[in-house]
Amino acid sequence: MNDVLEAISPATSLSGPATCVSKVELRVSCKALLDRDTLNKSDPCVILMVQTNGQWTELDRTEVIKSNLHPVFAKVFSWDYYFEEVQKLRFEVYDIHGTHSIGTRDDDFLGGVECTLGQIVAQKRMVKPLLLKYGKYAGKSTITVHAEEISGNNGYVELSFCAKKLDDKDLFSKSDPFLEIYRINDDETEQLVHRTEVIKNNLNPVWEPFKVSLISLCSCDEERKLKCLVWDYDSRGKHDFIGEFYATFREMQKISSGNKVTWDCINPKYKQKKRNYKNSGVVILSDLKLHRVYSFLDYIMGGCQIHFTVAIDFTASNGDPRNSCSLHYINPYQPNEYLKALIAVGEICQDYDSDKRFSALGFGARIPPNYEVSHDFAINFNPEDDECEEIQGVVEAYQNCLPKIQLYGPTNVSPIINRIAKLAAGDGNIKDASRYHILLILTDGVVTDMADTREAIVRASYQPLSIIIVGVGNADFTDMQILDGDDGVLRSPKGEPVLRDIVQFVPFRDFKTASPAALAKCVLAEVPKQVVEYYSHKAISPMCPLRDLLTPILSPVATTPTE
């Protein structure tokens, strides 16, 4: 028995939360760009390209910075990082002329560089020379890409700034102010966090609210210094300095209902020269909203248990288990498809269940003692306790069950879905993130009670439950795709849509030549997102997160889980 388990266990790397994705933020700056303009300096913009199936496509682009050969771009590129994939990126820098499209003339191209996201993440700060066509260096031009992981222990803050009585730097009109916020790193370098829009001809500007992740703003350190600069915009890129001030996120949190946080905007030169100099205006934080973003790992590490249930199809279409052609045939040397799918998925799920006990159910068979057809029975024949010890116990119960039952039909799965949904509903009534359910249904054909199954799934979508259906054998599973919401929203026969997409359907034959780990990775890929979606919808936070860097930051402000 142990040999069977060992022979088809998923790869060790998949025993943890391999399907979780890290969000990475990329920030870009350049130095010593080529000057393509005759009268002014280049107006650079960076295009981020991503390679998919050998083709380069534009993912996003930065803003255009006027007349600047050393631009620091405010635009933040957000991207999903997968450890197991090679994600090829290309950064292309262009000199933009008005509203013309990029790349219309060769001399617009200032240089580019190719790399992988893994390289950027590994270095955290990647500096590379820009290359022109045919690998020629673009002079001494370089591009710097900073990477920051947006972890589960993170959130974002929405800030609203305004200013009063700023210095007037223009002769015939008023200043056109904008605000820049820089984070001061441990090595005393400065990283641009945000640049506001320009407010034209106004000494009392009110800038648009903006959102920024806390790891970007202050590296989740509320005492980290933030350098804030106010400028008078100049279309030629020669912005006039109005003043500066230093802040911390702790100071910002002093804002409360009806109270605002203010800083004197100081021009050091004026302060040194003018005896009665007070400030060059006042900058005001008028509003602060803090949002908490939870990840799958936050819930798991907070103590959420994943309860795994398997439901096995024992209908007659599987064939007589005593016949070697049967899908239920027990070959001592080679596990059948039911066992392969059960073990591949179950061995990953068991890592998230502390007691390692799993419910094992069957449907579509005549069962002892009266041999009546049942679509919801415990394969250990103990209706009071349908749980088995670990995945090995489920396998043994399955093997022991086969000689005692008569395969029959039809293929009705709604009773089991309703049963597990009812169990999950009981856990759902507990207002904490303590227990989430995964139901694995193994079947050899299209379900007979499709209407009831659709109704059951719609009802179940309101509960802490995900459903995985693996089609075993060579049947035509086309009609089963309707249960998987990937091609559209699943609806009940009455037209009611699911609250969440909770079903993943996969034909086992697609993975016959692949490793068990590949099957498990595919069918479990959507579960982390489904867990987060459920608890976010319910506005339920993780129970007891591990050491949370944001605990002191979050304490003064009410937080809300965000989808």
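**Loops, sheets and helices of the predicted chain**

Pro369 is found in the loop that lies between strand 19 and strand 20. The structure described here is a predicted model. In this model, a cis peptide bond with an omega of about 5° joins Pro368 and Pro369. The two strands that flank this loop are themselves paired: strand 19, which covers residues 365–367, runs antiparallel to strand 20 and is joined to it by 3 bridges. Within this pairing, Ala365 has Ser374 of strand 20 opposite it. Strands 19 and 20 belong to an open sheet of 3 strands, arranged in the order 20-19-23 with antiparallel pairing. The edges of the sheet are formed by strand 20 (372–374) and strand 23 (406–407), each of which pairs on one side only. As a general point, the strands of a sheet pair through backbone hydrogen bonds, in either a parallel or an antiparallel sense.

A further cis peptide bond follows strand 23. It runs from Gly409 to Pro410, and its omega is near 0°. Pro410 is located in the loop between strand 23 and helix 9, the latter comprising residues 414–428. Such backbone features deserve mention because most peptide bonds are trans and most residues other than glycine have a negative phi.

Positive phi values in residues other than glycine were then considered. Tyr134 has a phi near 65°, a positive value in a residue that is not glycine. The residue lies in the loop between strand 7 (125–131) and strand 8 (137–150). Tyr134 counts as exposed because its relative accessibility is 86%, whereas the cut-off for an exposed residue is over 50%. Lys165 likewise has a positive phi, near 55°, and is a residue other than glycine. Its position is in the loop between strand 9 (154–164) and strand 10. With a relative accessible area of 70%, Lys165 is also exposed.

Strand 10 leads on to a hairpin. Strand 10 (residues 177–184) pairs with strand 11 (residues 190–195) in the antiparallel sense, over 5 bridges. In this pairing Glu180 faces Arg195 of strand 11, the two residues standing opposite each other. The hairpin has 5 residues between its strands, and in the turn Glu188 has a positive phi of about 70°.

Two helices were examined for burial. Helix 8 (residues 390–401) contains 12 residues and reaches 17 Å from its first C-alpha to its last, close to the 16 Å expected at 1.5 Å a residue. Its buried residues are Ile391, Gly393, Val394, Val395, Ala397, Tyr398 and Cys401. Helix 12 (residues 527–537) is mostly covered, since 8 of its 11 residues are buried. These buried residues are Val527, Pro528, Gln530, Val531, Val532, Tyr534, Tyr535 and Ser536. Ala539 follows helix 12 and has a positive phi, near 55°.

The cysteines were inspected next. Cys30 is buried because its relative accessible area, 3%, is under the 20% cut-off. Cys45 is buried for the corresponding reason, its relative accessible area being 2%. The structure holds 0 disulfides.

At the level of the whole protein chain, 13 helices and 26 strands are present. The chain has 563 residues, of which 51% count as buried. About 26800 Å² of the chain is exposed, and carbon and sulfur atoms supply 49% of this area. Among contacts between residues at least 6 apart in sequence, 72% join residues at least 24 apart.

Finally, the confidence of the prediction was assessed. The mean pLDDT of the protein chain is 85, and 88% of its residues reach 70 or more. Over residues 1–20, however, pLDDT stays under 50, and the model has 43 contacts for this stretch beyond four places in sequence. Residues 545–563 also have a pLDDT below 50, with 45 contacts in the model beyond near neighbours in sequence. Where pLDDT is low, the predicted coordinates should not be read in detail.

Methods. Residues are numbered from 1 along each chain as its sequence is written. This is a predicted model: local features need pLDDT of at least 70, side-chain atom pairs count only at pLDDT 80 or more; totals for chains, interfaces and linings use all residues. Side-chain values use heavy atoms; hydrogens and water are left out. Two strands pair if DSSP finds at least two bridges between them. Helices (H or I, at least four residues) and strands (E, at least two) are DSSP runs, numbered from the N terminus. Buried means under 20% relative accessible area, exposed over 50%, partly exposed in between (1.4 Å probe, protein chains only). Contact means heavy atoms within 4.5 Å. Accessible areas come from the Shrake-Rupley method with a 1.4 Å probe; for residues, only the protein chains shown count as cover. pLDDT is the predictor's confidence in each residue, from 0 to 100. The expected span of a helix is 1.5 Å times one less than its number of residues. A disulfide is a pair of cysteine sulfur atoms within 2.5 Å.
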